[in-house]
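These are my notes from a look through the model, taken one region at a time. I wrote down strand pairing, helix packing and a few loop residues.

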Amino acid sequence: MCGIVGYIGNQDAKSILLQGLEKLEYRGYDSSGIFVVDENKNGHLFKEKGRIADLKKIIETDTFCTVGIGHTRWATHGRPSVKNAHPHQAANHQFTLVHNGVIENFLELRETYLSDISLSSDTDTEIIVQLIAYFAEKEQSSTFEAFKKTISKLKGSYALALIDINQPDIIYAAKNKSPLLVGKGESFNAVCSDAMAMIQETNQFVELMDGELVTLTRDEVKIETQDGTIINRAPYTAEINLNDLDLGTYPYYMAKEIDEQPAVLRKIIQAYQNDLGQFQLDKDIITSLKDSDRVYIIACGTSYNAGWAGKHLLENLAHIPTEVHLSSEFGHNMPILTKKPFFIFLSQSGETADSRQVLVKINAMNFPSLTLTNVAGSTLSREADFTLLLHAGPEISVASTKAYTAQITVLAALSEAIARENGIAGDSNMAHELGIVATGMESILSEKTHIEHLATEYLRTSRNAFYIGRGVDYYVVMEAALKLKEVSYVQTEGFAAGELKHGTIALIEENTPVIAIITDKVTAGHTRGNVQEVNARGAHSLVIAMEGLEQESDQFVLPEVHPLLTPLVSVVPTQLLAYYTSLHRGNDVDKPRNLAKSVTVE
Ligand code: F6R
């Protein structure tokens, strides 16, 4: 989703901004732009639809600029186009602005203040910059005052960076709900949507809170609240390894990230185990969870699917009743809660707006919360009572793979730590079992060529597909279907195997691919029966079964692992099926159409 960078220093701002925007590409975008100011205080605006590579082609290189702002846009108000791309300028060209978020009252603001101005885009963002110019002129106020006044009128979410061409040694910034960080360096300062965008320049970042306003010069960062209180907040060190951002010899990040999963599992085991090789987590988290009567897992997309496998673990290992909810539904349609709920937010990015709006409500109700995230210092981590990190390393591919398995792994560690504290763990040793899973994942990954053949045989040219499974396999097929549809654009549904015959079987035609996952011996026979039913109607079935439950006709056999951990292995061939289908269809695997990585609007 939209990404912001801003730089003020002594180096070439154009290349720093472009590098930053490239680092933000993974968030998903459809157009981009930069605004830079040269030594003679002339502003230069460049905007282009499409990729950063297209933007680079139109940027003039003959001026040296040391201040500027840049943006990747993921369209919300107005189609992807040059006119709607950011930065946007006021009619008098004095002010230039980039924005991430959604202004809910932009129509009202336009009618109230800007009816005389002819707008040059369809965006809500342009209203903000025109409004700054309006207040600066009408009230003869300073830029800062006009910026502040404009912000006080906005309803919705925003991260903003502003340049006044008459004060080219300052960048103004502000945020509400949308993420924004300040990057601090030797004789330069920066703003960015996430630390990755500026990690090449600095690893020192200051978090900003909602409602804060920032004035950046080359040497100083001033943060203040709306009422003028100055905030002194120390920077933190972002621990991002630049090598993790490197593709190496991989053609796509999705392929790299699928391959990284065994290593991620081992990292998690190491991070959360004690000297006895048992999982031991922060005592306060365990106490708070022990004290609760129900866990509510709140998440979106792939993280939501991981939540279902998490429910299976929390209920079976820790014996805590657990519900799983979509953030976008839960916040506005909250079920009746138990007396002592405990909330677990699952979010790779830690910035998902749908999840954050739930956390804000939960905090207002004083319920305890824990965020499982891959990004230390992210909004959902800061605002929850507790955080457990996924230790998965940056996930760049829009389609989430290693974050899914990392979330389930951390939930397994958490479930066992609670069980041990409650004296019900017996001789279970999940750290050991997860080590077996990591090895199992490696053996699946060594069969990529076979899976690539299956992808071309079953999915390369099909219009639609079904995944079916029961119990925990049903949880996995929901994720398998999401993965396939988002990167290959094959319309895919993940179905409870027994449910197909209650309606959806009407969609089975000659050669419709139906992929069954079978890892549970209790339901294996039933699911096989469902495979027979679809085969009898012409389906092209593909069975992924666990060792010990396999039949000769099955197309893929999974290594046997602990029954509660089967999602961690059964999901891997489905990730690879999605990857190879996308690849063979000629899609941009890492940046599927219409999708964004960090979804910072509701
Ligand atoms: C799918 C995918 C999305 C995310 C969802 C939540 O591959 O990546 O469905 O899982 O947008 O994102 P996070 O986990 O960052 O809250």
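The model is a predicted one, and I read it as such.

**Entry 1: around β16**

I began with β16 and its pairing to strand β17, residues 322-326; the two run in the parallel sense over five bridges. To fix the register I looked for a facing pair and found I297 opposite V324 in β17. I then checked for a second partner and found strand β18, residues 341-347, which pairs with β16 in the parallel sense, also over five bridges. Here V295 stands opposite F342 in β18.

Is strand β16 mostly covered or mostly open? I found five of its six residues, in the stretch 294-299, to be buried.

I also followed the chain from β16 to β17. The link includes helix α9, residues 301-317, and β16, α9 and β17 together make a right-handed β-α-β unit.

**Entry 2: helix α7 against helix α14**

Two packed helices are described by the angle between their axes and the distance between the axes. I looked up both for α7 (residues 261-272) and α14 (residues 430-445): the angle is about 170° and the axes are 8 Å apart. The cut-off for roughly antiparallel is an angle over 145 degrees, so α7 counts as roughly antiparallel to α14.

Which residues meet in this contact? From α7 I listed Q261, P262, L265, R266 and I269. On the α14 side I listed A431, L434, G435, V437, A438, T439, M441, E442 and L445. I sorted the residues of the contact by type and got nine nonpolar, three polar and two charged.

**Entry 3: the five-stranded sheet**

Next I traced an open sheet of five strands. Its order is β22-β21-β23-β24-β25, and the pairing is parallel. The edges are β22 (491-496) and β25 (556-558), each of which pairs on one side only. I looked up the turn between neighbouring strands as well: it is 20° on average, direction ignored.

Inside the sheet I took the pair β23 (residues 513-518) and β24 (residues 540-546), which is parallel over six bridges. I515 stands opposite L542 in β24.

I then asked which helices lie across these strands. Helix α15, residues 448-458, lies across β23, β24 and β25, and runs at about 155° to β24. Helix α17, residues 521-535, lies across β21 (464-469), β23 and β24, and runs at about 170° to β23.

T504 belongs to the loop between β22 and β23. Is T504 buried or exposed? Its relative accessible area is 17%, and the limit for buried is under 20%, so T504 counts as buried. Leaving aside neighbours within four places in sequence, I found T504 in contact with F466 and F495.

**Entry 4: the seven-stranded sheet**

The next open sheet has seven strands, in the order β5-β6-β7-β8-β12-β13-β14, with antiparallel pairing. β5 and β14 (230-231) are the edge strands, each pairing on one side only.

At the β5 end I looked up the pairing with strand β6, residues 95-100: it is antiparallel, over two bridges. H88 has L97 in β6 as its bridge partner. Helix α4, residues 125-138, lies across β5, β6 and β7 (158-164), at about 140° to β6.

I also checked the loop that leads into β5. P87 lies in that loop, between β4 (65-73) and β5 (88-89). The peptide bond joining H86 and P87 is cis, with omega about -5°.

**Entry 5: positive phi outside glycine**

I noted two residues other than glycine with a positive phi. S187 has phi near 50°, and its place is the loop between β9 (181-185) and β10 (188-192). N366 has phi near 65°, and it is found in the loop between α11 (353-364) and β19 (369-373).

How accessible is each of them? S187 has 38% relative accessibility, so I entered it as partly exposed. N366 has 68% and, with the limit for exposed at over 50%, it goes down as exposed.

Terms used: Residues numbered from 1 in each chain as written. Predicted model: local features only at pLDDT ≥ 70, side-chain atom pairs only at ≥ 80, totals over all residues. Heavy atoms only, no water. Buried < 20%, exposed > 50% of the residue type's maximum accessible area, 1.4 Å probe, protein only. Helix = DSSP H or I, 4+ residues; strand = E, 2+ residues; numbered from the N terminus. Pairing = 2+ DSSP bridges. Right-handed = clockwise from strand over helix to strand, strands pointing away. Axes fitted to C-alpha atoms, helices over the stretch in contact; angles between N-to-C directions. Parallel < 35°, antiparallel > 145°, perpendicular 65-115°, else oblique. Contact = heavy atoms within 4.5 Å. Nonpolar A, V, L, I, M, F, W, Y, C, P; charged D, E, K, R; others polar.
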